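Grab a coffee and open the viewer: here are some short exercises on helix packing, a ligand shell and a domain contact. Try each task yourself before reading the worked solution.

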Amino acid sequence: MGSLLRRKPSRQERSTLKVGIPRFLNVWGTHRFWVGFFRALGVGKVIFSSETSEEQYRTYGSKRITMDSCFPVKALAGHIGELLEKDINILFVPKIYSLPSFLSGHVMDALSCTRVPMSVENIRAGFTREGDEFSLRGIRFVSPFVPFAERDVLPKYLYDELVKAIPDLKLEEVKRAVEEGFKELEGFDRAMREKSMEIIRWCAINNKPSVLILARPYHLDSGIGHDIDQEIQACSYPVLWYNYLPLDEELLDWLFGDDVRQGIIKSYFDISDVWTSSYSSNTNEIIWASKFASRLPWITAVIRLSSYECGMDQPTFTPVQRIVESTGTLFFKFGELDETKPAGSIKIRVETIDYYVKRYSQEIIKRKLSLLKKPPPKLTERPIA
Ligand code: SF4
């Protein structure tokens with residue numbers, strides 16, 4: 001397979017290339033971009049590693065860790081190790097420096113946690129210290145710098161690294177592929193937000209509570225977030241994720257419009273009233289979602305997930321809890337998640353959450369409704385059968 005890469009593949013040969021991508025950190029939340037991007041480049045197949053699991057980590061990763069870190073970073077070793085066992089030509093591990101965010105333009109920046117791009121070289125070192133495990137298998141390791149928030153320079157960064165593995169690649173086609181990637185990602189994002197809007201409408205019409213998960217995108221990975229959202233859903237509460245809340249104009253005007261008109265915030269997406277150091281994309285979205293949750297009557301409880309040794313989440317714990325609880329919304333935290341799933345303690349805590357949500361939701365909905373004007377009809381009117 002190494003010879004295929006050395007021979008400057010033609011367009012047709014490119015369709016035989018298989019690209020492996022670890023399903024780690026901010027690949028969660030941007031994976032649809034990569035699917036659209038590589039499809040547009042004419043690459044044959046994109047293979048993602050499986051979700052994180054203790055077994056994956058122990059089998060492929062734990063002996064290759066070269067530094068101590070939060071578990072979502074260490075888990076990358078398991079994903080890379082798993083992909084090395086697969087039939088791939090290119091191992092594509094993006095160093096995601098910044099992210100596409102709906103808050104861009106309303107905040108200072110949309111950066112990833114610094115550990116996200118740095119994790120790649122740290123973990124890679126564990127696969128090269130006793131011989132280069134990538135070249136031994138004829139796999140090209142490609143790891144471009146990815147500034148998602150700077151759309152104009154993104155193609156060049158991707159091109160500069162990818163051309164080493166795909167020699168007939170042209171910058172112009174990378175530019176087009178980047179646009180395709182964004183189209184794919186934005187379509188997925190829109191569909192997820194519409195789904196959340198449907199859930200909220202259902203709650204409003206039926207006077208039912210929902211629960212919001214505040215986390216990082218990779219807590220959607222069952223090995224990182226330990227399926228706590230599913231445990232909650234099994235108690236019969238619809239679950240919303242902070243990163244896919246609806247951005248419907250009427251809804252946002254209902255929740256934030258008065259603050260905008262009174263000059264407290266500049267737009268529905270302004271978080272400067274509660275968070276001034278708005279450089280981190282995931283953190284900004286967590287803060288914005290906590291404001292959203294504190295206002296929306298049918299979110300009666302918020303569950304915060306955070307990984308053990310996450311330095312980024314620490315300073316936000318108190319502000320987020322204060323924002324959520326400012327309207328009497330229930331707040332719970334699972335604060336030290338790591339590779340082992342503490343099934344027993346999760347079960348006990350979910351039972352406690354279930355008790356409080358059942359006991360207090362109607363009271364919370366009523367109180368939060370009284371703080372707002374009449375809800376927009378699109379939320380509360382039943383669709384005509
Ligand atoms: S945000 Fe926290 S969990 Fe995520 S990479 Fe950074 S330190 Fe690790």
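**Exercise 1. Which helices each supply at least two residues of the shell around the ligand, and which residues are the closest?**

Keep in mind that this is a predicted model.

- Step 1: Look for the helices. α5 (71-84) and α6 (115-125) each give at least two residues to the shell around the ligand.
- Step 2: Go through the neighbours. The ligand is surrounded by 13 residues, and the closest are C70, C113, R115, C310 and M312.
- Step 3: Sort the shell by class. You should get eight nonpolar, two polar and three charged residues.

**Exercise 2. Where does the ligand's shell lie with respect to domain 1 and domain 2?**

- Step 1: Split the protein. Domain 1 covers 2-185 and domain 2 covers 196-380.
- Step 2: Assign the shell. Both domains give residues to the shell around the ligand, so it lies between them.
- Step 3: Check the spacing. The C-alpha centres of the two domains are 31 Å apart.
- Step 4: Count the contact. Domain 1 puts in 28 residues and domain 2 puts in 29 residues.
- Step 5: Find the elements on the domain 1 side. α4 (54-61) and α5 are the ones giving two or more residues to the side that touches domain 2, and α5 gives the most, with three residues.
- Step 6: Class that side. It comes out as 15 nonpolar, nine polar and four charged residues.

**Exercise 3. Describe how α8 packs on α9.**

- Step 1: Take the geometry. The axes of α8 (residues 154-162) and α9 (residues 171-206) come within 9 Å and cross at roughly 125 degrees.
- Step 2: Name the arrangement. That angle makes α8 oblique to α9.
- Step 3: Add the hand. The crossing of α8 past α9 is right-handed.
- Step 4: List who touches whom. From α8 come L154, P155, K156, L158, Y159 and L162, and they meet L171, V174, K175 and V178 of α9.
- Step 5: Class the contact of α8 with α9. There are eight nonpolar residues, no polar ones and two charged.

**Exercise 4. Now do the packing of α3 on α9.**

- Step 1: Get angle and distance. α3 (residues 31-40) packs on α9 at about 145 degrees, with the axes 7 Å apart.
- Step 2: Add the hand. α3 also passes α9 in a right-handed crossing.
- Step 3: Pick out contacts. Among them are F33, W34 and F37 of α3, and F182, L185 and F188 of α9.
- Step 4: Class the contact of α3 with α9. It divides into 10 nonpolar, two polar and five charged residues.

Technical notes. Residues numbered from 1 in each chain as written. Predicted model: local features only at pLDDT ≥ 70, side-chain atom pairs only at ≥ 80, totals over all residues. Axes fitted to C-alpha atoms, helices over the stretch in contact; angles between N-to-C directions. Helix = DSSP H or I, 4+ residues; strand = E, 2+ residues; numbered from the N terminus. Parallel < 35°, antiparallel > 145°, perpendicular 65-115°, else oblique. Left-handed = near helix turned anticlockwise from the far one by under 90°. Contact = placed C-beta atoms within 7 Å. Nonpolar A, V, L, I, M, F, W, Y, C, P; charged D, E, K, R; others polar. Near = placed C-beta within 6 Å. Domains from an automatic or database assignment.
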